[in-house]
Amino acid sequence: MAVGLAVLGAGCFGGRAKVVAQAPAPRVISGDLAKVKGPRDMAWQMCVGSGHAGLMLSDANQAQLAEVEREVGFRYIRFHGLLTDDMHVYSVKDGVATYDFTRIDLLYDKLLRLGIKPLVELGFMPKDLASGTQETFYWHANVTPPRDMAKWTALIEALTRHLQSRYGEAEVKTWYFEVWNEPNYPGFWPNANQAAYFSLYDATSAAIKRVNPAFRVGGPATAGAGWVPEFIAHTQQSHVPVDFVSTHTYAVSSGFLDVDGKADLVLSRSPDAISGDVKRVHEQIAASARPELLLFMTEWSASYSSRDPVHDSYTSAAFILDKLKQTESDARAMSYWTYSDLFEENGPPPAAFHGGFGLLTRDDLPKAAYFSYKYLDELGDVELVNRDPASWLTTKGRNVEALLWDFTSLKQDEGNKGFYRRLHPAAEAAPVDLRLRGLAPGRYVLKVYRTGYRKNDAYSTYIDMGLPTNLSPGQKQQLQALVKDEPESTTDVTVSADGSFERTISMRQNDVVFVSLGRQ
């Protein structure tokens, strides 16, 4: 259908012609089962973030992680605070250092039983080893360098040997060790001292490699995609081992940390928010002396604040897919920050929906963002050739799946805290003509699932409720009923001998639609 104008008969309007705009032309998404692109890019599934190690031990966190693993299947998990005092790893009594890895073992045992491996973030500093008193977060993470580097490396070497002994060399060789978190930000490393961080990295990397040269270590784990060329140049000049590069990016234009939860940020409307940083770092690595290094984006999201309601909005579902599509082949891991609102940078979650990072709320309600990851997992393993920039077409055996979306930045003239605590009904978007060729003739079942405004969108109804701090049992039950992800339509389909299938799918701005065509 072409975009155009329809002119109704003059007599219908007292002799005056009325001009009516026709609907926009459908967006065509076409695929041929004979034209295979290849295996899917799985960077989205490589890793996911969480809060801190002590909190990860809780039954509630473990229950939510088990749920996420059943429906999404992340391969690795990254979190802060492995070495902080609540983990009881390091203490000094009468001048003698004592190591206790009991709580680390307990946590890693739980993770591995769920089928998810640790991406080991080495931080923050045990207070008996710290050179200063600077802290961050509600749970008092000491962020200063070690006062004695030899004692730090002894701890790291002892931990690494313990992990190898407990879990086996073959298992730990599949893990990744990341040194510190965001040292280019003064809130995580005094004065953002690059030389001091490089010294920490050098010593830590050497300690790990002394245990086993095959264990993989990387950094600099920076905020805002910083320090990457400098880091690679340093490791090359100093002959320091490095196996991967890690850094972070968020879709806001200023700052790196909202330590008290009071920042009012604005979601970037730039088309290359997130993807611009990922592509830039990918190019920096390619132009370096170590072009083979893997890129891990070990944190990314719409906002770096755990009190930003953009995370709760239905618009985040399409935002996530848009950014993952744009960054295909640029990074080995796109680690979303985080899977759960059970997270305590600024203190315990203060309300049912409070702008937390998570895919799940503290009350175990899936946000719209959750369903983007659920649908990604339901896609087939083989991707078809497809020129549409906002969709994937895949095959799984004799079945075909399509995941398509419309990401449209909303216009806002205020911060996220006001804007995303109000309703924003979705405007209509161009419909999608889904056209498939090369199907085996026969009977199929077509199922269509949708996430968007008032679809798998508990948050909009939560706004209707008046944004209550706590949900009553009835309110929680009402919201749970809205996020069951039931198909909006189920249709029997017969594919004729020509092997073709066509269907028009309505779309609204920021809708995400999953289509399954299953052979009977």
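Here are some friendly notes on this predicted model, to read with the structure open beside you.

1. **The sheet.** A good place to begin is the open sheet, which is built from 7 strands with antiparallel pairing. Reading across, the order is β4-β17-β18-β19-β24-β21-β22. At the edges sit β4 (36–39) and β22 (489–495), each of which pairs on one side only. From one strand to the next, the twist averages 25 degrees.

2. **One pair of strands to look at.** Try finding β17 (residues 382–384) and β18 (residues 391–396), which pair in the antiparallel sense over 2 bridges. Which residue in β18 is the bridge partner of V382? The partner is T395.

3. **Helices against the sheet.** Helix α10 (residues 315–326) lies across β17, β18, β19 (399–405), β21 (442–451) and β24 (512–519). The helix runs at about 105 degrees to β19. Helix α11 (residues 368–378) packs on the sheet too, where α11 touches β18, β19, β21 and β24. The direction of α11 makes about 155 degrees with that of β21.

4. **A closer look at α10.** Is α10 largely enclosed or open? Of its 12 residues, 11 are buried, so α10 is largely enclosed by the rest of the structure. Among the buried residues are F319, I320, L321 and L324, and the list also includes D322, K323 and K325. The length of α10 makes sense as well: at 1.5 Å a residue, its 12 residues should span 16 Å, and the end C-alpha atoms are 17 Å apart, which agrees.

5. **The nonpolar cores.** The largest nonpolar core has 120 residues. Within this core, Y108, F177, W180, Y197, Y373 and L403 touch the most other members. Y373 is a nice one to click on: leaving aside residues up to four places away in sequence, Y373 touches W44, V72, F74, W300, I320, L324, Y336 and L359. Two of the names in that list, I320 and L324, are also buried residues of α10. There is a second, separate core of 22 residues, which includes A429, L439, I505 and V513.

6. **A histidine in a loop.** Where is H424 found? Look in the loop between α12 (416–419) and β20 (428–437). Why does H424 count as buried? Its relative accessibility is 17%, and buried means under 20%. Not counting residues up to four places away in sequence, H424 touches Y314, L410, F419 and Y453.

Definitions and conventions. Residues numbered from 1 in each chain as written. Predicted model: local features only at pLDDT ≥ 70, side-chain atom pairs only at ≥ 80, totals over all residues. Heavy atoms only, no water. Core = buried A, V, L, I, M, F, W, Y, C linked by side-chain atoms within 4.5 Å. Buried < 20%, exposed > 50% of the residue type's maximum accessible area, 1.4 Å probe, protein only. Contact = heavy atoms within 4.5 Å. Pairing = 2+ DSSP bridges. Helix = DSSP H or I, 4+ residues; strand = E, 2+ residues; numbered from the N terminus. Axes fitted to C-alpha atoms, helices over the stretch in contact; angles between N-to-C directions. Expected span 1.5 Å × (residues − 1).
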